[in-house]
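The following exercises invite you to work through one part of a structure step by step. Please look at the sequence and the model first, and then try each task before reading its solution.

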Amino acid sequence: MELKEQLKQQIDIERLPQHIAIIMDGNGRWAKERGKQRIFGHQSAVQSVREVSEASAELGVKYLTLYAFSTENWNRPLAEVSGLMTLLAQTIKAEVITMNKNSIKLNAIGDLKSLPKSNYDQLMQAIADTSHNTRMMLTLALSYSGRWDLTQASRRMAQDVADGKLKSEEITDKTVPNYLSTAGMPDPELLIRTSGEERISNFLLWQLAYSELYFTPKYWPDFRKADLYEAILNYQHRERRFGKTSEQVAK
């Protein structure tokens, strides 16, 4: 039996995280170590996205959110950004059939209007073409940052207060999530970051408040189903207390 199947059989399906978020890191370094240009790493990472998406859906994970392009990534060399946008367009177009086959619904969060118009239009079309799927929601965080998310949420709340739709005293930690780009989605129980970096890099700052963090030295282009299973098993061996004691959680 393959290792990945052994790992998969160990997973307790009753204790799956509903929502897994992933910071897909290390594409450029992976390519550099092979004497290739950075875009080669991004191209090779498409297989990782495909495998992890399919594996998550097969297990029964309901939400998978991938940090695909941050607002800070716009500061990268123009050639790399242009290559990434081209790759994004090609990948989304090619993967719609696979997403429909696996009943995966595509979603996107971030300052999407900052994307090139052709990318934005193609993204919206793919979202529409997969809108009927119910097995899992795959969310791409594009031109996204946690600070942007909180800023736009604050503006929307302020506008609702000004319009008389919301009273300032009604704003609580239960209200804020309704104004975030992830409204309607549960917070991630598990965050995975590849490449050995151990930080959240301005990703889902509000939503990750109680997430379990899992860091792996493996670069994203090498991340496969077995690696996802290992991360989930690690998560399932942790005690999630949410500020309580172990004795309180056990009751």
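The model shown here is predicted, and the exercises begin just after a helix.

**Exercise 1.** Find the residue that follows α6 and describe its phi.

*Solution.* Moving past the end of α6, we come to Gly-164, whose phi is positive, near 80 degrees.

**Exercise 2.** Check whether the span of helix α6 agrees with its number of residues.

*Solution.* We start from the 17 residues of the helix, residues 146–162, and allow 1.5 Å a residue, which should give a span of 24 Å. We then turn to the end C-alpha atoms, which are 24 Å apart, so the two values agree.

**Exercise 3.** Work out how the buried residues of α6 are arranged around its axis.

*Solution.* We first list the buried residues, which are Gly-146, Asp-149, Gln-152, Ala-153, Met-157 and Asp-160. Seen down the axis of α6, these residues fall within an arc of 140 degrees, and they therefore line one face of the helix. On the other side of α6 we find Arg-147, Arg-155 and Ala-162, which are exposed.

**Exercise 4.** Identify the strand against which the buried residues of α6 pack, and describe its surroundings.

*Solution.* The buried residues of α6 pack against β4, residues 136–144, and this strand is mostly covered, with nine of its nine residues buried. Strand β2, residues 63–70, pairs with β4 in the parallel sense over seven bridges, and within this pairing Tyr-63 has Met-137 of β4 as its bridge partner. Strand β3, residues 104–109, also pairs with β4 in the parallel sense, over six bridges, and here Asn-107 has Thr-139 of β4 as its bridge partner.

Technical notes:
Residues numbered from 1 in each chain as written. Predicted model: local features only at pLDDT ≥ 70, side-chain atom pairs only at ≥ 80, totals over all residues. Heavy atoms only, no water. Helix = DSSP H or I, 4+ residues; strand = E, 2+ residues; numbered from the N terminus. Expected span 1.5 Å × (residues − 1). Buried < 20%, exposed > 50% of the residue type's maximum accessible area, 1.4 Å probe, protein only. Arc of directions from axis to C-beta. Contact = heavy atoms within 4.5 Å. Pairing = 2+ DSSP bridges.
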